[in-house]
Amino acid sequence: MNQHIKAPADLAAASHPPASEDVVRLIDLKRRFGATPALDGVSLTVRKGEILGIIGRSGAGKSTLIRCLNGLERPDSGEVFIEGCEISRLGERELQPLRHRIGMIFQHFNLLSAKTVEDNVALPLKIEGRPKAERLARAAELLELAGLSEKAKAYPASLSGGQKQRVGIARALAARPALLLSDEATSALDPETTRSILALLKDINRQLGLTILLITHEMEVIRSIADRVAVIDAGRIVELGPVWSVFADPRSEITKSLLGGIRPQLPDEIASRLVPGTGAETILRIDVAGEAARAPLLSDLATALPGPFRLVHGGIDHVQQQPVGTLFLAVAGNDENHLSEVIAFLKARHGRVEVLGHVAGSV
Amino acid sequence: MSPVLFELLIRSIWETVLMTGSSGLISLIFGLPLGLALVATDRGGIAESLWVNRALGAIINGFRSVPFIILLVALIPVTRLIVGTSIGTWAAIVPLSIAATPYYARIAEVSLREVDHGLIEAARAMGGNRWTIIREVLVPEALPGIVAGFTVTLVTLIGASAMAGAIGAGGLGDLAIRYGYQRFETSVMVAVVIVLIILVCGIQWVGDRLVARLDHRA
């Protein structure tokens, strides 16, 4: 497992509270379905107040993992601590009170069609045995938070997907949980609705200090709201760290491929013309993050060494207030020494440089 | 139609309504829990127990395979034990109920099985126990199907009650056979058929209205 540990001090202070405040601690979780392992030794902690995103392809074990946290799924071995209490050996009856501490939202919302919006939101409190007046008051309060007060008496079938998920979120918060589990909560929604749902989750995280563990297959979701990210592949956590750090320096192939959709990629028409050896121009990929991305890297390069240098493609994005970017630079000429100097200069400025190849003519 | 025959018709309508209504109610009271038990004990159910599931299934299939006219006669000792007599309208309610209960259990089972498993999982995630899942999820979500199935069961029972004349239970079917067919009273036959059409249409109409009111799925 690659631990990204180079978070700047201010960020570290914000997302690294003392270990005793861990809401979730998983130790060497294993679960098999037949011959295939769904979880193959997962250890993980979720800290109080943070948003931890778990990303992986479908079938990577994300769903099994999140279901182990509220006992919907039992691990074959390993331990699951929720607020310091080991739950993986508890019976269904003993789990029931603990589940009031854990809210859950689902990809397909799972609202009860026969109940009105307010009755759906109030259901966890009904299950807890709270009096009706309290349930309705709490439901009204949460629908206000979700921006759906006027839909209290409506039935879920009359709501849009985004509204349904808002009801799902309100319902998950009804019993004032310590932890919110989000199971692909935005995967069935369009991009705009996804953004509004993620903004609501972020708001709740800030306002209520609610710890959120979300699973997704979309890096964009991680980028928008997660503090830390765990990348899961074939039942193992292959990468774990602050989101900006994983974005800046993805170590595993799976992470790179999941990032592919939202990070600048060398355009196909250039990539198809790349040849090894020599050419009129050399194409470099430069990954920069933090200080390296804030510095006037390209103008310094042009001052220090003879060009010409051409920016072919690239961009700098901000992840958790940290600039993270990828630049594709074309260096003219065939001079090996010159190229080495350019690479050495960029590396000295904390850029990560990769020679992608050469192109014959101008691109 | 003579006043005597008319009086007979009215009495027969009442007997049919009584037989259908009582045995319908009994089949609902026993059939719905039986349907729930079938769904709950099946693989992946909330009270999975394949042994119980298979046993229940076998008993239900057993009762459902016996033709009703045979059941009517075969159950005479049971009927006598329960209502004290083996003839008459009340005596017919016992075999009718025993035939309709497994029938309705299967219909209810189909509706209950169609409830999205995600809803059951959501209720479990909220800390709900089996009883909560039955009361808050399974029955309310399946209610439109449960009511529609009950309508089908009532209409089937009207048909089955026609055979109850075999044990002197009376009813519209019996009237049609003895007067309309055996005594060539065509007017009685026509009247019975019209009344049955009205009864079936009425039950279906009420059932459909109720389902429309209960169904919030779309």
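Start where the two chains meet: select chain A and chain B together, and you'll find 20 residues of chain A in contact with 19 residues of chain B. Keep in mind as you look around that this is a predicted model. Its scores are ipTM 0.89 and pTM 0.87.

**Stop 1: where chain A touches chain B**

Stay with the contact and colour the chain A side of it. Which elements should you pick out? Helix 3 (92-99), strand 7 (102-106) and helix 4 (117-128) of chain A each bring at least two residues to the side that touches chain B. Helix 4 of chain A has the largest share, with four residues. Now try colouring that side of chain A by residue class: you should get eleven nonpolar, six polar and three charged residues.

**Stop 2: chain B on its own**

Hide chain A for a moment. What is chain B built from, helices or strands? Chain B has nine helices and zero strands, so to speak a plain run of α-α-α-α-α-α-α-α-α from the N terminus on. Turn the C-alpha trace of chain B around and you'll see that it spans about 65 × 40 × 25 Å along its principal axes. Chain B averages a pLDDT of 94, and 100% of the residues score at least 70.

How much of chain B is buried? Of the 218 residues in chain B, 45% are buried. Contacts in chain B also reach along the sequence: counting those with a separation of 6 or more, 71% are between residues 24 or more positions apart.

**Stop 3: the annotated stretches of chain B**

Select residues 13-205 of chain B. An unreviewed UniProt entry annotates this range as "domain: ABC transmembrane type-1". The range is 81% helix and 0% strand, and its end C-alpha atoms sit 19 Å apart.

Next, colour the stretches that UniProt (unreviewed entry) annotates as "transmembrane region": residues 20-39, 51-76, 82-105, 142-167 and 187-207 of chain B. Two of these are worth selecting one after the other:

- Residues 82-105 of chain B are 79% helix and 0% strand, with end C-alpha atoms 22 Å apart.
- Residues 142-167 of chain B are 77% helix and 0% strand, with end C-alpha atoms 37 Å apart.

**Stop 4: Phe6(B)**

Click on Phe6(B), which you'll find in helix 1 (residues 3-41) of chain B. Phe6(B) counts as partly exposed because it has 13 C-beta neighbours inside 10 Å, where a buried residue would need 20 or more. Now add Val188(B) to the selection. From C-alpha to C-alpha the two are 8.5 Å apart in space, while 182 residues separate Phe6(B) and Val188(B) in sequence.

**Stop 5: the two domains of chain A**

Bring chain A back and give its two parts separate colours: domain 1 covers 2-253 and domain 2 covers 268-359. Where they touch, nine residues of domain 1 of chain A are in contact with seven residues of domain 2 of chain A. Which helix gives the most to the domain 1 side? Look at helix 9 (residues 243-248) of chain A, which supplies four residues there. By class, that side of domain 1 of chain A has seven nonpolar, no polar and two charged residues. The centres of the two domains of chain A, taken over C-alpha atoms, lie 39 Å from each other.

There's an annotation to colour here too. UniProt (unreviewed entry) lists residues 24-259 of chain A as "domain: ABC transporter". That range of chain A is 39% helix and 27% strand, and its end C-alpha atoms are 26 Å apart.

**Stop 6: a sheet in chain A**

Still in chain A, select strands 3, 2, 5 and 6. In that order, the four strands form an open sheet with antiparallel pairing. Strand 3 (36-47) and strand 6 (85-86) of chain A are at the edges with a single partner strand each, so one side of each has no neighbour in the sheet.

Zoom in on strand 6 of chain A. Two bridges join strand 6 to strand 5 (residues 77-82) of chain A, and the two run antiparallel. To see a pair for yourself, show Phe81(A) and its bridge partner in strand 6, Glu86(A).

**Stop 7: a hairpin in chain A**

For the last stop, select residues 309-319 and 322-332 of chain A. These are strand 13 and strand 14 of chain A, which pair in the antiparallel sense over ten bridges. How many residues lie between the two strands of this hairpin? Strand 13 and strand 14 of chain A have two residues between them, and Gln320(A) in the turn has a positive phi of about 50°. Finish by showing Val319(A), whose bridge partner in strand 14 of chain A is Gln322(A).

Terms used: Residues are numbered from 1 along each chain as its sequence is written. Chains are lettered from A and ligands numbered from 1 in the order in which they are written. This is a predicted model: local features need pLDDT of at least 70, side-chain atom pairs count only at pLDDT 80 or more; totals for chains, interfaces and linings use all residues. UniProt positions are given in the numbering used here, feature names are shortened, and annotations may be inferred rather than shown by experiment. Domain bounds come from an automatic or database domain assignment. Ala, Val, Leu, Ile, Met, Phe, Trp, Tyr, Cys and Pro count as nonpolar, Asp, Glu, Lys and Arg as charged, and the others, Gly among them, as polar. pLDDT is the predictor's confidence in each residue, from 0 to 100. Two strands pair if DSSP finds at least two bridges between them. A residue is buried if 20 or more other C-beta atoms lie within 10 Å of its own, exposed if 12 or fewer, and partly exposed in between; C-beta atoms are placed from the backbone.
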